[in-house]
Amino acid sequence: MTFQVWGRRREASHDLAWVPDAEGGRGTAMRRRTPATKDPTAVERANLLNMAKLSIKGLIESALSFGRTLDSDYPPLQQFFVVMEHCLKHGLKVRKSFLSYNKTIWGPLELVEKLYPEAEEIGASVRDLPGLKTPLGRARAWLRLALMQKKMADYLRCLIIQRDLLSEFYEYHALMMEEEGAVIVGLLVGLNVIDANLCVKGEDLDSQVGVIDFSMYLKNEEDIGNKERNVQIAAILDQKNYVEELNRQLNSTVSSLHSRVDSLEKSNTKLIEELAIAKNNIIKLQEENHQLRSENKLILMKTQQHLEVTKVDVETELQTYKHSRQGLDEMYNEARRQLRDESQLRQDVENELAVQVSMKHEIELAMKLLEKDIHEKQDTLIGLRQQLEEVKAINIETYQKLQGSEDGLKEKNEIIARLEEKTSKITAAMRQLEQRLQQAEKAQMEIEDEDKKYLQEYQSKFDSLQKQISQKEKQLAQLETDLKIEKEWRQTLREDLQKEKDTVSHLRNETQQIITLKKEFLNLQDENQRLKKIYHKQEQALQELGNKLSESKLKIEYMKEANKALQGLVWLKDKEATHCKLCEKEFSLSKRKHHCRNCGEIFCNACSDNELPLPSSPKPVRVCDSCHALLIQRCSSNLP
């Protein structure tokens with residue numbers, strides 16, 4: 001125990017150092033500063049970062065000096081892929097399988113497809129390559145295709161952001177999990193300048209050995225002597241890139257203008273076709289309008305003629321109805337006169353009967369002898385009663401028939417009622433006569449002689465009455481026939497009126513159709529006017545489009561001339577210019593240098609304080625006085 005403690009004390013004493021006092025004594029003990037041991041993984045990350053910087057920088061410089069698209073045999077490019085492979089392999093977790101250990105970078109690269117949808121094409125094309133059998137070969141092919149697409153930085157940035165997913169493939173101290181990975185991704189953005197054309201199908205990417213060649217990155221005396229040449233080449237390449245960008249912008253503007261011109265031409269042709277269709281429609285509508293007008297005129301003529309014919313027919317029917325009505329009125333008047341005459345005759349007969357009754361009281365004795373005659377008279381009276389009942393039945397039938405007639409036949413019904421009342425009075429009078437005859441039977445014997453005379457007179461009067469009744473029956477039959485004729489005539493009139501109503505309704509429908517046709521005609525006229533307005537507007541739009549097309553053609557020609565003029569220009573460097581090109585004054589802190597965006601020369605502020613929009617940039621930029629005057633002169637000459 002003591003030995004161990006002493007050993008520890010001795011080890012601790014090595015770390016302590018005695019500092020002498022001011023008097024020269026031993027002083028106090030101070031701990032010595034030993035050099036701190038660095039983390040080997042951090043050193044590996046720093047070395048890989050430095051190698052990545054050197055390889056990316058060397059690749060960009062050599063590619064710019066080379067001035068062409070890079071092939072797969074280009075050594076700096078091969079070394080770049082080797083360095084990137086080492087960077088991606090750093091800190092990769094080892095996955096154990098049944099046969100061997102597996103340590104490849106295809107797993108994290110395959111994860112990019114889920115994070116960045118545009119990387120699905122690269123993954124699909126890598127899987128479809130026939131010569132690749134190992135995951136490492138697929139990863140190498142993936143890196144080459146990403147460089148050709150100029151999206152390697154974007155893909156790896158998506159991986160670095162998702163560290164939770166990367167932790168499944170890398171250790172916590174890996175380069176891709178630390179800040180060095182973000183720095184390498186930022187350096188990879190500069191590779192977008194390089195154009196590479198790599199053939200992945202023919203290469204044997206599975207069996208390649210990734211060894212870093214450090215000799216490429218060691219500096220020699222020749223490299224130091226070639227710096228100036230490289231600077232000149234870089235300047236030339238800058239100018240070339242500037243001119244190429246200008247040319248690309250001009251080509252893009254020209255292509256956009258061509259596309260606009262094509263679209264305008266297409267729209268112009270479409271508008272012309274639509275105008276032709278609209279003109280054809282207008283012509284068809286005008287023809288239909290003329291047809292409708294002619295049909296409308298024919299319909300109006302037919303309706304007027306039909307109305308005139310119907311008016312004439314109605315007038316004639318009214319006249320016939322008036323004439324027939326007059327004839328019926330005359331018949332009614334004659335019947336009334338006859339009834340009045342008959343009533344007067346009956347009154348006379350009644351007066352005579354009253355006189356005879358007074359006479360019968362005197363001749364009751366004479367009537368006994370005439371009983372037989374009286375019985376015969378009774379039989380005759382029974383016959384008369386039967387005839388009266390028949391007359392009553394006939395009157396009742398005529399009354400029932402006349403109930404269905406119109407208001408004009410009410411007077412006839414009243415006359416028939418009066419006749420019935422008179423017949424009832426006659427029957428009452430006959431009953432009274434019977435009673436009186438019964439009373440007169442007592443005095444029949446006394447007045448037989450007188451009664452014979454009376455009977456003779458009575459028989460003569462009775463014959464005359466029978467004749468009158470037969471005449472009246474004939475008149476009633478004639479009236480019934482006249483009533484039937486009148487009913488038939490009224491039915492015909494009703495049918496004619498119904499027909500006229502139907503014709504009137506038909507004419508009303510035709511008039512409504514004519515009104516609807518007029519409305520449609522007015523609507524068609526409005527549509528015609530609207531189409532004419534649209535046609536005028538489209539013609540104005542076509543004129544404006546023609547003017548714009550002429551202006552765009554002039555601008556394209558002007559841009560072509562400006563592009564031709566810019567092809568021979570050179571962008572001067574600040575170091576080469578010491579004096580202003582126009583005023584030839586020396587530049588200083590107060591007189592600063594300014595580039596002309598048109599010619600590329602360097603001028604002072606006084607000689608380049610103008611701004612104009614150029615074809616390469618739509619916004620106004622700084623231009624020298626000479627270029628300003630030339631551009632204004634060209635614009636004024638190009639304008640119509």
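Is helix α7 mostly covered or mostly bare, and how many of its 15 residues are buried? Keep that in mind for the first view.

This is a predicted model, where local features need pLDDT of at least 70, side-chain atom pairs count only at pLDDT 80 or more, and totals for chains, interfaces and linings use all residues. Residues are numbered from 1 along each chain as its sequence is written, and side-chain values use heavy atoms, with hydrogens and water left out.

**View 1. Helix α7 and what covers it.** The helix is mostly covered, with 11 of its 15 residues buried (buried means under 20% relative accessible area, exposed over 50%, partly exposed in between, with a 1.4 Å probe and protein chains only). Among the buried ones are Leu136, Trp142 and Leu147, along with the arginines Arg140 and Arg144. The cover includes α3 (75–89), α4 (106–110), α5 (112–115), α6 (120–128) and α8 (152–161). Helices here are DSSP runs of H or I with at least four residues, strands are E runs of at least two, and both are numbered from the N terminus.

**View 2. The length of α7, end to end.** The expected span of a helix is 1.5 Å times one less than its number of residues. For α7 (residues 135–149) that gives 21 Å, and the end C-alpha atoms are indeed 21 Å apart, so the two agree. Right after α7 comes Lys150, whose phi is positive, near 60°.

**View 3. Leu111, in the loop between α4 and α5.** Leu111 counts as buried because its relative accessible area is 11%. It touches Leu159, Leu165 and Phe169, leaving aside residues up to four places away in sequence (contact means heavy atoms within 4.5 Å). Leu111 and Cys158 sit 47 residues apart in sequence, yet 9.7 Å apart in space, C-alpha to C-alpha.

**View 4. Glu113, a buried residue in helix α5.** Its relative accessible area is 15%. Skipping residues up to four places away in sequence, Glu113 touches Ala119, Glu120, Gly123, Ala124 and Arg127.

**View 5. Strands β7 and β8, running antiparallel.** Four bridges join β7 to β8 (residues 620–623) (two strands pair if DSSP finds at least two bridges between them). Leu612 has Val621 in β8 as its bridge partner. Along β7 (residues 610–613), Asn610 and Leu612 point to one face and are buried, while Glu611 and Pro613 point to the other and are not. In a regular strand, side chains alternate between the two faces of the sheet.
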